[in-house]
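This report describes selected features of one protein chain. The sequence and the structure are shown first.

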Amino acid sequence: MFKRTLVLLQKSTKGPWANMLKDPSKKYTRFKGVDLPDRQWPNKVIEKAPRWLSTDLRDGNQSLPDPMSVEQKKEYFQKLVEIGFKEIEVAFPSASQTDFDFTRYAVENAPDDVRIQALVQSREHLIRRTVESLKGAKKATIHTYLATSDMFREIVFGMSQKEAIEKAVWATKLVKSLTKDDPAMQETDWSYEFSPECFSDTPVEFALEICEAVKAAWEPTAENPIIFNLPATVEVSGPHIYADQVEYFSRNISEREKVAISLHCHNDRGCGVAATELGLLAGADRVEGCLFGNGERTGNVDLITVALNMYTDGVSPELDLSDIESIIDVVEKGNKIPIHPRAPYGGSLVVSAFSGSHQDAIKKGFALQAKKDDPRWRIPYLPLDPQDIGRNYEAVIRVNSQSGKGGAAWVVQRTLGLDLPRAMQVDFSRVVQNTADGLGRELKSEEIIALLQSNYNIDNCSSSVMTIKDYNFEKKSDSVTDVVAVLLVDGKEVSVSGTGNGPISSFVDAVSKEFGDFEVQAYSEHSVGKGSSTKAATYVQLSNGKTTAWGIGMHESITRASVNSLVSAINTILKDEVTKAEPEKVKA
């Protein structure tokens with residue numbers, strides 16, 4: 001019966017009743033925020049890192065279809081410590097023996113400057129169990145919460161505002177009596193966090209009222225402030241509305257110096273990062289979230305994105321994300337959920353450009369950066385230097401059939417140090433595009449280099465028609481140079497000689513006597529490497545009237561590099577003519 005009903009439901013979703021409403025206002029209403037005409041947050045900027053709290057091991061883990069194993073949680077915990085988190089919410093220790101045991105592991109293995117936080121419902125036996133799990137910690141935070149939004153308070157808990165305040169105060173006093181007021185628990189630096197759950201959907205006046213009552217019960221100090229977490233448990237409005245709520249709370253809570261305002265933004269509307277950043281502008285001191293945004297429904301705020309947004313604004317996030325790949329490995333292993341390839345900063349494709357225009361802009365940016373003595377990062381399409389988070393430049397430009405001349409040229413430059421002339425880039429890009437199009441996929445760097453070597457006969461490869469065995473240039477005057485060279489043509493030695501106004505023209509003259517007239521169309525050169533390993537790279541475009549080809553040469557000697565590029569181009573022309581002659585032989 002159940003299976004039949006399920007099938008009917010699957011079919012019925014195609015019916016007309018499943019369509020979106022033409023007038024959604026009949027079903028949904030816009031959330032009305034706080035009246036704050038003199039808001040200050042739009043004119044502020046983030047100037048320092050907030051206090052960070054990772055809740056990957058608690059909130060993030062609770063959202064997983066397949067929760068982390070104890071060993072995965074331990075590895076994750078150590079990575080969070082390595083990154084630099086000083087506050088970590090590790091578990092819901094009253095929920096299970098596994099969570100309790102892991103909280104004990106965190107307490108016993110946390111560095112002295114790392115604060116261990118545990119979440120607990122406002123029930124006496126659960127609170128006592130949670131305090132027990134944190135016993136002996138150097139620094140610990142008990143985190144209680146209570147639903148304060150009208151919808152949750154009325155629908156889920158059937159609780160009045162007065163009853164909610166009484167419950168929150170009772171829980172706070174119990175935690176206080178078991179922790180900082182207990183003489184036997186003084187080895188621990190105790191802190192307290194209270195969340196008016198669904199703050200984003202709570203009348204802000206009531207959020208203030210319940211937090212004032214909780215603060216009075218806890219009796220915080222400026223040295224050890226109470227943490228009021230203002231969660232967007234469900235994101236019900238735009239981030240600007242949330243910022244107004246946070247600013248209103250920050251401006252109106254009493255004894256502000258004794259309060260740390262924390263943000264815990266979910267991502268139901270896709271605005272978790274924006275809401276967090278605007279919330280910091282609005283006066284918040286602390287941010288809770290998960291690496292790469294794991295969490296219930298659409299996730300918690302992505303701490304990596306918030307931190308690196310800050311970093312690219314020139315503000316240190318005080319988190320070490322230098323080895324992003326190792327962080328990704330731990331997160332993917334623990335969550336068993338892959339990081340999306342387009343996830344900001346961490347995605348495998350976010351620094352990769354396939355489009356020709358993008359590749360050209362990036363290549364020009366790097367070229368200009370190399371010439372300037374200016375540490376500021378100014379590369380088109382790349383707001384962050386990939387090397388800052390442990391990625392190399394090989395992933396920046398990737399080549400497929402959509403790529404332009406700059407893509408393949410970038411790979412060649414980064415791999416071999418060869419800065420191909422623009423006209424040669426155009427010539428080579430046709431080869432690369434045709435190959436990628438034929439294969440129907442992206443080309444790897446080594447495949448691009450192989451295409452370059454085979455198409456331009458670099459350094460007289462073994463398939464060449466002609467190679468050079470020896471040569472001697474003699475400068476007769478400032479404008480006259482003679483050359484005598486020994487070539488190997490199809491394995492046979494051939495001696496040639498010629499005259500010109502320099503090594504290039506004299507060698508072209510000598511070879512022209514053997515293979516027909518050649519004319520240099522373009523020539524350029526540059527150095528590759530530094531110090532004793534410096535080489536010369538030369539590029540020549542030759543034509544014999546019927547075929548035009550490019551050649552590349554590299555050598556410690558600029559003269560030999562020039563000869564090599566000439567031989568490279570000549571071989572391309574000769575092989576092209578042999579190829580064209582083959583059909584005639586078959587026809588004959």
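## The C-terminal antiparallel sheet

Two strands are taken to pair if DSSP finds at least two bridges between them. The model discussed here is predicted. In the hairpin of strand 12 and strand 13, six residues lie between the strands, and Gly529 takes a positive phi near 90°. Strand 12 and strand 13 are joined in the antiparallel sense over nine bridges; Glu525 has Thr538 in strand 13 as its bridge partner.

Strand 13 (residues 535–543) also runs antiparallel to strand 14, to which eight bridges join it. Here Tyr539 is partnered by Ile552 in strand 14. The outcome is an open sheet of three strands in the order 12-13-14, with antiparallel pairing. Its edges are strand 12 (519–528) and strand 14 (548–555), each of which pairs on one side only. From one strand to the next, the twist averages 15°.

## Parallel pairing around strand 1

Strand 1 (residues 51–54) takes part in two parallel pairings. Four bridges connect it with strand 8 (residues 286–289) in the parallel sense, and two bridges connect it with strand 2, also in the parallel sense. Leu53 appears in both pairings: its bridge partner in strand 8 is Glu288, and in strand 2 it stands opposite Glu87. In general, strands of a sheet pair through backbone hydrogen bonds, either parallel or antiparallel.

## Nonpolar cores

In soluble globular proteins, nonpolar side chains tend to be buried together. The largest nonpolar core of this model has 100 residues, of which Trp52, Phe77 and Leu291 touch the most other members. Helix 8 (residues 204–218) gives the most to this core, namely nine residues. Apart from it lies another core, of 29 residues, including Ile362, Phe366, Leu451 and Tyr539.

Which residues does Leu291 contact, leaving aside neighbours within four places in sequence? They are Asp56, Tyr76, Leu80, Ile83, Phe85, Asp302, Ile304, Ile327 and Val331. Of these contacts, Ile327 and Val331 are among the buried residues of helix 12.

## Helix 12

Helix 12 (residues 324–335) has 12 residues, which at 1.5 Å a residue should span 16 Å; the expected span is 1.5 Å times one less than the number of residues. Its end C-alpha atoms are 16 Å apart, which agrees with that expectation. The buried residues of the helix are Ile324, Ser326, Ile327, Ile328, Val330, Val331, Gly334 and Asn335. These buried residues pack against helix 3 (70–83) and helix 11 (303–311). Lys336, which follows helix 12, has a positive phi near 60°.

## Aromatic pairs

A search of the whole structure finds 11 aromatic pairs. One of them is formed by Phe77 and Tyr105, whose geometry is edge-to-face, with 6.1 Å centre to centre and 75° between the planes. Because Phe77 lies in helix 3 and Tyr105 in helix 4, this pair ties together parts that are 28 residues apart in sequence. Both partners are buried: Phe77 has a relative accessibility of 0%, and Tyr105 has a relative accessible area of 18%, where the cut-off for burial is under 20%.

A further pair joins Phe366 and Trp377; their ring centres are 5.8 Å apart and their planes stand at 80°, so the pair is edge-to-face. It links distant parts of the chain, 11 residues apart, with Phe366 in helix 13 (residues 356–371) and Trp377 in the loop between helix 13 and helix 14 (405–416). Phe366 counts as buried at 10% relative accessibility, whereas Trp377 counts as partly exposed at 25%. Elsewhere, ring pairs link Phe199, Phe228, Tyr242 and Phe249 into a cluster.

## The loop at Ser94

Is Ser94, in the loop between strand 2 and helix 4, buried or exposed? At 17% relative accessibility, Ser94 counts as buried. The loop in question runs between strand 2 (87–91) and helix 4 (97–109). Leaving aside neighbours within four places in sequence, Ser94 is in contact with Val120, Leu126, Arg129 and Thr130. Ser94 and Ala118 are separated by 24 residues in sequence, and their C-alpha atoms are 9.2 Å apart in space.

Note on methods:
Residues numbered from 1 in each chain as written. Predicted model: local features only at pLDDT ≥ 70, side-chain atom pairs only at ≥ 80, totals over all residues. Heavy atoms only, no water. Buried < 20%, exposed > 50% of the residue type's maximum accessible area, 1.4 Å probe, protein only. Contact = heavy atoms within 4.5 Å. Core = buried A, V, L, I, M, F, W, Y, C linked by side-chain atoms within 4.5 Å. Axes fitted to C-alpha atoms, helices over the stretch in contact; angles between N-to-C directions. Phe/Tyr/Trp six-rings, centres within 6.5 Å; stacked < 30°, edge-to-face > 60°.
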